[in-house]
Amino acid sequence: AAGAPPPPRFGAVRGLATRTTTMAPIATKDVAKGIVAVGVASFGIMAVLLYGTTSGSFCSTSMLMDMHMTGFKSIWSEDLYCLYLFNTGWEVKHKAGFMGACALLYMMGVGSELIGRVRRELRLANPGPMTESMKVVHTTLYCAQLCDGYLLMLAAMTYQIEWLSFVIIGLGAGHHFLNVEGPVTDRPDPCCAEIEESQPLLKTNA
């Protein structure tokens with residue numbers, strides 16, 4: 001009816017907060033600028049810290065490891081051994097390689113959130129029964145997000161503080177610029193997150 005107030009942005013069912021089923025459109029250029037700005041700032045700070053506060057080889061090449069065995073280590077740790085990232089083919093023994101790993105993990109974190117946004121938009125745009133081809137698309141995106149998430153988990157499990165930081169910064173930047181107005185999921189872990197739009201945040205027996 002004319003003059004009626006607009007519906008609330010987040011639906012309410014029997015007084016319970018529910019997941020929103022719509023998402024505000026995003027300005028691609030603004031999102032890209034924001035993600036790049038956060039990445040450049042983080043990368044620049046890391047470069048200053050790595051090149052400005054460490055001398056020579058920042059890690060010991062006497063024994064390369066896939067994870068630190070005695071807890072979290074930073075570039076300033078005295079007993080810092082060089083690491084592999086994901087496989088023995090990527091030996092992170094030099095500062096340039098370490099910075100490259102940080103940049104990759106940032107982009108992977110953003111990528112996980114981007115895939116989640118694409119999955120959600122596709123589902124909202126096609127709410128009815130799916131065709132077989134659409135099921136293949138959704139499953140492919142889901143598997144890609146799982147793969148990305150588990151690789152991020154493995155990078156975090158190296159116990160290298162700076163790599164964990166870039167995983168979190170990438171996920172945080174992706175969430176802020178792509179999904180902050182989207183549904184709140186019950187499980188925030190990027191490797192196992194499911195996309196649900198219609199289930200209430202709080203459930204009752206009513």
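## Buried, exposed and in between

A residue is called buried when its relative accessible area is under 20%, exposed when the value is over 50%, and partly exposed in between. Lys73 has a relative accessibility of 10%, so Lys73 counts as buried. Keep in mind as you read that this is a predicted model.

Lys73 has a partner to look for. Its side chain meets the side chain of Asp79 in a salt bridge, with 2.9 Å from N to O. The two ends of this pair are placed differently: Lys73 is buried, whereas Asp79 is partly exposed because its relative accessibility is 43%.

## Charged pairs

Side chains of opposite charge can pair when their charged atoms come close. How many salt bridges does the structure hold? There are four, and the Lys73 and Asp79 pair is one of them.

Another one sits in helix α2, which covers residues 95-125. Here Glu121 forms a salt bridge with Arg117, and their closest N and O atoms are 2.7 Å apart. Both residues belong to α2 and stand four residues apart, which is about one turn of the helix. Arg117 has a relative accessible area of 6% and is therefore buried, while Glu121, with 29%, is partly exposed.

Now turn to helix α3, residues 132-156. Glu132 and Lys135 both lie in this helix, three residues apart, again about one turn. Their side chains meet in a salt bridge of 3.5 Å, N to O. Is Glu132 buried or exposed? Its relative accessibility is 57%, so Glu132 counts as exposed. Lys135 has 38% and counts as partly exposed.

## A buried arginine in α2

Helix α2 also contains Arg120. At 5% relative accessibility, Arg120 counts as buried. Which side chain does the side chain of Arg120 touch in a polar contact? The partner is the side chain of Asn179, at 3.1 Å.

## Helix α1 and what covers it

Helix α1 runs over residues 28-53 and has 26 residues. From its first C-alpha to its last it reaches 37 Å, close to the 38 Å expected at 1.5 Å a residue.

Which residues of α1 are buried? They are Val31, Gly34, Ile35, Gly39, Ser42, Met46 and Leu50. Helix α2 and helix α4 (161-179) are among the parts that cover these buried residues.

## A leucine in α3

Leu152 lies in helix α3. With a relative accessible area of 1%, Leu152 is buried. Once neighbours within four places in sequence are left aside, Leu152 is in contact with Leu105, Met108, Gly109, Ser112, Val167 and Leu171.

Take Leu105 from that list and compare sequence with space. Leu152 and Leu105 are 47 residues apart in sequence, yet their C-alpha atoms are 7.0 Å apart.

## Two strands and a hairpin

Strand β4 (residues 81-85) and strand β5 (residues 87-92) pair in the antiparallel sense over three bridges. If you want to find one bridge partner, start at Leu83 and look in β5 for Val92.

The two strands form a hairpin with one residue between them. In the turn you will find Phe86, which has a positive phi of about 75°.

## Cysteines, bonded and not

Strand β4 also takes part in a link of another kind. A search of the whole structure finds one disulfide, and it joins Cys59 to Cys82, with 1.9 Å from S to S. This pair links distant parts of the chain: Cys59 is in the loop between α1 and β3 (60-65), and Cys82 is in strand β4, 23 residues apart. Both cysteines, Cys59 and Cys82, are buried. The torsion about their S-S bond is about 90°, so the disulfide is right-handed.

Why is there no bond from Cys143 to Cys147? The sulfur of Cys143 has its closest cysteine sulfur in Cys147, but the distance is 9.1 Å, which is too far for a bond; a disulfide needs the two sulfur atoms within 2.5 Å. Cys143 is partly exposed because its relative accessible area is 43%, and Cys147 is partly exposed with 45%.

Notes: Residues are numbered from 1 along each chain as its sequence is written. This is a predicted model: local features need pLDDT of at least 70, side-chain atom pairs count only at pLDDT 80 or more; totals for chains, interfaces and linings use all residues. Side-chain values use heavy atoms; hydrogens and water are left out. Two strands pair if DSSP finds at least two bridges between them. Buried means under 20% relative accessible area, exposed over 50%, partly exposed in between (1.4 Å probe, protein chains only). A polar contact is a pair of N or O atoms within 3.5 Å; within protein, one must be able to donate a hydrogen and the other to accept it, and residues adjacent in sequence count only if both atoms are side-chain atoms. Contact means heavy atoms within 4.5 Å. The expected span of a helix is 1.5 Å times one less than its number of residues.
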